[in-house]
Structures are given as C-alpha cells and as structure tokens.
Amino acid sequence: MIRWQFPATLAVVAALGLTACATTAADESTTATPSTTTTPPRSTSKPPVTLAPPTPTVDPYAGLPLIDHVTWTDTVDGARLLVVPTVAGRRTDAPGTDELAWQEVLALDADADAPGMRDQFVCHWVWARMVAPDKPSWNLEPWRPAVGYSATVSANCNPGGPER
C-alpha cells in the first residue's frame, strides 16, 4: 500500500509548478523530447478585409450651373417665384451645393431674398429633389410666413397653407 505524505507531496507538486512556470518559449523549443508531439503553429494573421470602393470626393457637377432660370408669376395667393434647376442642380449631392444654388437664385433675381424664401428653397433642394426629382419648378412664395427651416419642412415646404 502506498502511503501518501501530504506535506512532502505538496512540496514536490509546488516545485514542479514553479519549474513549469519558469520556462519560456525558447526553453520549450530546446527541451522537447522525442515523446513530445508538437502541433504546427496556428496562423495569427486575419484574412484580408475587402473594402468598398471609396466614395468619390469630387462633385461630377462641380462648376456647372445649378439653376437654369427663375420666373415670377402671380397666383390667387400672391407672387410666386418659379425656380427651375438644371440637371446638375437636380442630381448633385455634394456638400454646400444648396448654398451655391441659392446664391445663383439671388444672382438671377435679388428680389428672391425675402423672409422665409431661403428656407423654402433649401426645403425643395433637400426634400423635393428626393420626393419629386422631375418636378418642373420649385415654387417659392414671399407671402408665406417665415417659420424657420424645421417648420417649413414639416409643412412640406409650404408653410401657411398648401400650394394652390
């Protein structure tokens, strides 16, 4: 019968544990015995990541006019400015083109610079181009209340009542 001596066994196990902890990768490669089997190292490299092509940073419509022409008309409610965008004005999505287009409107007719008209214009620039990209003109009315951009958008670009 084998008789275990607990304190002596504990000392041997602890010593083996300390010895095992003190080895390094270099030690392991030089101390391998014929009975030790080695597994090939696993690759730590990850498969290549396929990236989407970069978004073009150049506006293909840069330098082209965004507004074709503007025309004032009279309606039952009052004056209306018809703003007709060009193809470039309908299709560009480059940042800042809303302001460039508004400056073109003002260059074509300075009377467009009335309270609320810019908000109506930007509303059309952002939303009408999405919802009705082929709408012949964007109609801006100086008689509409100047309620700010957010309220203009909430009113479908026509604060103060529907377009008639």
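Three short exercises on a predicted model follow, each with a worked solution.

Residues are numbered from 1 along each chain as its sequence is written. In this predicted model, local features need pLDDT of at least 70, side-chain atom pairs count only at pLDDT 80 or more, totals for chains, interfaces and linings use all residues, and side-chain values use heavy atoms, with hydrogens and water left out.

**Exercise 1.** Describe the hairpin of β1 and β2.

Solution.
- Locate the strands (DSSP runs of E, at least two residues, numbered from the N terminus). β1 covers residues 67–74 and β2 residues 79–85.
- Check the pairing (at least two DSSP bridges). Seven bridges join these antiparallel strands.
- Pick a partner: Trp-72 bridges to Leu-81 in β2.
- Look at the turn. Four residues lie between the strands, and Gly-78 has a positive phi near 140°.

**Exercise 2.** Place β1, β2 and β3 in their sheet.

Solution.
- Read the order: β1-β2-β3, an open sheet with antiparallel pairing.
- Find the edges. β1 and β3 (138–140) each have a single partner strand, so one side of each lacks a neighbour in the sheet.
- Take the twist. Neighbouring strands are turned by 25° against each other on average, direction ignored (axes are lines fitted to C-alpha atoms, for helices over the stretch in contact; angles run from 0 to 180 degrees between N-to-C directions).
- Add α5, which packs on the sheet and touches β1, β2 and β3 (heavy atoms within 4.5 Å). Its direction makes about 160° with that of β3.

**Exercise 3.** Which helix gives the most to the lining of the largest pocket?

Solution.
- Helices are DSSP runs of H or I, at least four residues.
- The answer is α5 (residues 117–131), with five lining residues.
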